[in-house]
Each structure stands twice: as structure tokens, then as C-alpha cells.
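Work through the exercises below with the model open beside you. Try each task before you read its solution.

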Amino acid sequence: MFRLARYLKEFKMNVTIGPLCKLTEAVFELIVPLVMAQIIDVGIANGDTSYIWRHGLILVGLAVVGLCCALVCQYVASVASQGVGTRLRADLYRHINSLSHAELDKLGTSAPITRITNDVNYVQNTVAMLIRLVVRAPFLVVGATIMSFTISPRLSLIFFGAMAVIVLVMYPIMKVTVKLYKKQQKSLDGISRITGENLSGVRVVRAFSRQEYEKERFDETAEEYRKFAVKAGRINALLNPAIFIAVDIAYLLIVYFGADFTNLGIDGMTGGKVIALVNYMTQISLALVVVANLVSIFTKTVASAARINEIFDMRPSVVGAESSPEQDENAPAIEFENVDFSYIGGETAVEGISFTLGRGETLGIIGGTGSGKSTLASLICRFYDVGKGAMKINGANVRDYPTAELRKIVGIVPQKAELLSGSLRENMSLGNPDVTDDRIHKALEIAQADFAKDLDFRVQEGGKNFSGGQKQRLTIARALAQNPEILILDDSSSALDYATDAALRKALRALPMTCVIISQRANSIMHANKIIVLDDGKAVGIGTHAELLRTCDVYREICATQYSEEELREQEAMGDE
């Protein structure tokens, strides 16, 4: 919690003025019982009406000044809390975007969303409470106790006893509820995750008629959240009754002993002073109720702050270099040297991969599901760092490139086509904000996206107003508009018909760029200069289409599912020629 206090530095004036105003208001509130005591002991006792009116106007004046102070504090607290919330969300979002894929895989999608919304809201509300009440409530408790001591040192012992009991009750309750609120927030992550999955996969859920199953899954997680919330609420609900019991007992003791002290003349006790002591106890009780609520809020915020700091404590495992490396014009475009890689907590994804790809050449990557094809694409883009070996681009180790420069060199079309809400032009200019409309239209033409004529056309969230094949062609055009040196197509034509796929490959071959094509279709990669066949993370074959048909059993098996034996023999013969 204290680590997030740095966000208050920009609001030093608010943090200073707000508590001062509340402190002034509290001071005036502490004066009120004394004025009332004088009205009772002097004005009412002597029947002095003018005295009563004069002191009544003093009470009104104290109330007006207190109200003005409260309004000023409310305003500065709102400005500070909203400002802290805005800056915290911005920094948290910026930090999440700085994390590499390894950290994002660990976090998932629901946890960052919950923390950037719900958890930040708790922190934001706590800042407002901090400015408005944290100074005022304790000051009223301490101030009222001190004022009671000036009236009657003996009766003030009742105040100290009541507060000691309340503190003994508050501490264990706060200790238990902090743990429960942490578990409650974790359950909220689960609710966010299930909701996100169901909304993004609503078509799949309905296609398999799994609505009832998903409702049950959601209900289980929501019930878990409810149990933690109810348990924490029940324990936290003990605070107010405990406070009121202690205060009510204190009331009885003050009135009982106050009456005896008045009759016996101890400590100069009078009826007005007894009323003043009762009023101070009332102020203490109200302040302690506020403190109890603050404890509840702060326990939630402590849990939320810990979750926020957990993300801030994460450091990206992939960090770009500060300066550009020296590139060798004669070096291959891509070079893998005995590369191994494993995902966090998983088995080896790729092992012992070595190959080179010359500039302007095309590399095809094929293999069964889970063989490591997309992993190779991620390593080339340096979404992850290799665990062993080295990966070079244009003769320089990929670790030596600044991230922004590497993104300009390597353009990737991911396996899942994703479009962002906005205009078509905005989507096409993601990789190059300065790209011209002519360049965009040329990229759309190469990607066979002839349906996209109007660059001002509005794209719905996730590109829902396009078919799967249209989205794939638009994402290919987006990468081409960036004009990269190396283009990676990660199974990005799977939704295209054979004619469109063939036209796309023909257009790409005419481009002066290095191309990496990952596909399940042999016909998509058969004309590549080099083909890598992956099986269980290992390269079991590297060569041309014809060479692999003769030397690699895995590749021939893949092709046999897509071509007849006669066609395979013809392709081998064409390769020999």
C-alpha cells in the first residue's frame, strides 16, 4: 500500500489542504460541547436568554465554518483520488504492455483486467477516504478524550477503557479479513476469466449447446466469491456492534458516575459538564464507526494494492537493446544455431534447431499440431528468448536489436487473425503510422483483399463484420503495409480457398523480401527455397519439396494425405529436373 503512495506526490497541495480543512472542522466540533455546557450551566441555569442566543449564534457560526471546510476538503479529495486512479491505471496498463509474452502467459487475460479496474478503484476510493477521514476520525477520538480529561480526569478513564476494548476487537478482525479479501479478489479473477471466455467464444458455446454447463461453471466461481465475501462481511460486521456496545456501556458509566460527581461536587462537575462528556462520547462513537469502516476499506485496499504491486514487480524477460547492432549485408536473413526453447513450466518446445535462410528466399515450415511451428515464428520475432543457442537476423544476434527496430524488420501475421475497432485505415497503419493510402491499397491488392475499397470503413470489435478469410487477408495486408524485410505468415491462409491462396502466394513471390510461411498445406510451401519439417519440436527434415519427398518420411506422410501417390511421383520427378 505504501509503495503506491508515490502517486500522491503530484497532489501534495490536495493532501495538505484536505486534512487541514478536516482538522479545522474537527476542532470546531470539539468546541461545540463546551459551548453547550456553558449554555446549560449559565444561560439555562440563570434564565439568561441573551446569553443563550449569543452562544447559539456561536454554534451556528461553528457549523457554517465547519461546512465550508468540509466542502473544500471534499473537492480536493475528489481531484486527488481521480488523479491518482487515472495515473495508476495508465502506469499499470503501460507496464502490462511492456511485459514479454512469457509474463503475459503467466498472468492470463482476466487478472490484468480485474486489477486495472476493480483493484485500482479500491485504491482510488481509499485516497479519497485518506484525505477526508484518516486525519479527522483519529483526531476526534484523541481530541474528545483529551477534552474529557480537562473536564474530569477521573471520568476520562472511562474513555480510555472504551477505546482499549475497541482496539483489542479491531486488530484480530482486520488481520483475518485481509486474508479473506485477497481470496475474494482472486475469485473475482476467475469470474472475469470465465465471462471473457464465454463472450469471446459465444458461438462455440451455442454451437455445442453448452449454455447450461457454462452457467454452472460460472455459478460455481460466483458462489466461491460469494462465500469469501459473506465470510469477510460477517467477521467485519462485528466491528460496529462491538463499538456501540463499548460506547453504550461508557454512556451508562458516564451518566451514573457523573450524577454522583455532581451531587458530591467532585471535579467541579455540573449538569452541563455531564452533557458535554456525553457529547464527547457521542463524537468518539461516531468517529470510531468511521474508523471501523475505514478499517474495512483499507483491508480491501491492502489486498488490492498487493495484487497491483505483484504486476509492477514483474520484469519483462525480453528487453530490447539500446542501440542498433552492426548488420552484415552478406549474412543470411535468418540464422538459427542449435536453438532450444521451453515455455515456463513446460517441456521443451523446440530442440536443436539449426538452419540459415538467405535474403529474399522463402522458408516453409510444416509439421503436425504442437510440433513447434508457431514457436519458431515467435522466436524469430523475439516474443520469447531462446533458452540455448543463438538466433540471428542479418548477421546480428536478435538480442542486440532495439525492440522497435526489430518490429520494423520483421512483420508477422499471427495464426489468429485479429482486427481492432476503428477505421480500416487505422488498422492498416498499425505497423507504420506514416503509411500512405497508395501503399495501403497496394498491400490490399497483394493480399487479395479486393473487397476492401473504402479505407474509412468502420471495423467492429475483433473484426466481427468480416468473415474469417477476409480477416486473414486484411491482417496479411496490414503486415505488408509495414513494408518489412522479413514477412512471417503463421498459418495465416488456412481460411482461404485454394484459388485465393495460390494467387496470394504468387503475388508474394514477386516481392523482394524474405518470407517465412507456416502452413499445414503442402501446396502452400512446396515452392519455397527451403522447407523445415518439424516433429515433436525437432527438425526431422530440411530441404526442398522434392528432396524431402525422397528423404523425409514425416514429410511424405503429410503430403500423402493431400496428394495421390501418382502426383507425389510426378513432383519428385519435376524436382530432379
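**Exercise 1. Find how strand 11 and strand 12 are joined, and name a facing pair.**

Step 1. Strand 11 and strand 12 (residues 538-543) are joined by five bridges and run antiparallel. Strands count as paired if DSSP finds at least two bridges between them. Strands (E, at least two residues) and helices (H or I, at least four) are DSSP runs, numbered from the N terminus.

Step 2. Across this pair, Leu534 stands opposite Ala539.

Step 3. Look at the turn. The two strands form a hairpin with two residues between them. Asp536 in the turn has a positive phi of about 55°.

Step 4. Now take the other partner. Strand 3 (residues 362-367) and strand 11 (residues 530-535) run parallel, with five bridges. Ile365 stands opposite Ile532 there.

A note on the source: this is a predicted model, in which local features need pLDDT of at least 70 and side-chain atom pairs count only at pLDDT 80 or more, while totals for chains, interfaces and linings use all residues. Residues are numbered from 1 along each chain as its sequence is written, and side-chain values use heavy atoms, leaving out hydrogens and water.

**Exercise 2. Explain why strand 10 is described as largely enclosed.**

Step 1. Count the buried residues (under 20% relative accessible area, 1.4 Å probe, protein chains only). Five of the five residues of strand 10 are buried, so the strand is largely enclosed by the rest of the structure.

Step 2. Check both faces. Thr514, Val516 and Ile518 are buried on one side, Cys515 and Ile517 on the other.

Step 3. Find the neighbours. Strand 3 pairs with strand 10 in the parallel sense over four bridges. Strand 9 (residues 486-490) also runs parallel to strand 10, joined by five bridges.

Step 4. Look at Cys515. It is the bridge partner of Thr362 and also of Leu487.

**Exercise 3. State which residues and elements line the largest cavity.**

Step 1. Search for empty space. A cavity is a set of points on a 1 Å grid over the protein atoms alone, where a 1.4 Å probe fits but cannot get out. The whole structure has one cavity of 30 Å³ or more. Its volume, the space filled by probe spheres set on the points (joined across faces, edges and corners), is about 60 Å³.

Step 2. List the lining, meaning residues with an atom within 4 Å of a point. Among them are Leu489, Asp501, Arg505, Ile517 and Ser524.

Step 3. Assign elements. Helix 16 (498-509) and strand 10 (514-518) each supply at least two lining residues. Helix 16 gives the largest share, four residues.

**Exercise 4. Place Ser100 and decide whether it is buried or exposed.**

Step 1. Ser100 sits in the loop between helix 2 (49-98) and helix 3 (101-107).

Step 2. Its relative accessible area is 5%, so Ser100 is buried.

Step 3. List the contacts (heavy atoms within 4.5 Å). Leaving out residues up to four places away in sequence, Ser100 touches Pro316, Ser317, Val318 and Phe383.

**Exercise 5. Say how far helix 11 is covered.**

Step 1. Seven of the eight residues of helix 11 (residues 373-380) are buried, so "mostly covered" fits by the 20% cut-off.

Step 2. Name some. Lys373, Leu376 and Ile380 are among the buried residues.

Step 3. Move just past the helix. Arg382 takes a positive phi of about 60°.

Definitions and conventions. 1 Å grid on protein atoms, 1.4 Å probe; cavity = no way out; pocket = protein on both sides within 12 Å on 5 of 7 lines; lining within 4 Å. Buried < 20%, exposed > 50% of the residue type's maximum accessible area, 1.4 Å probe, protein only.
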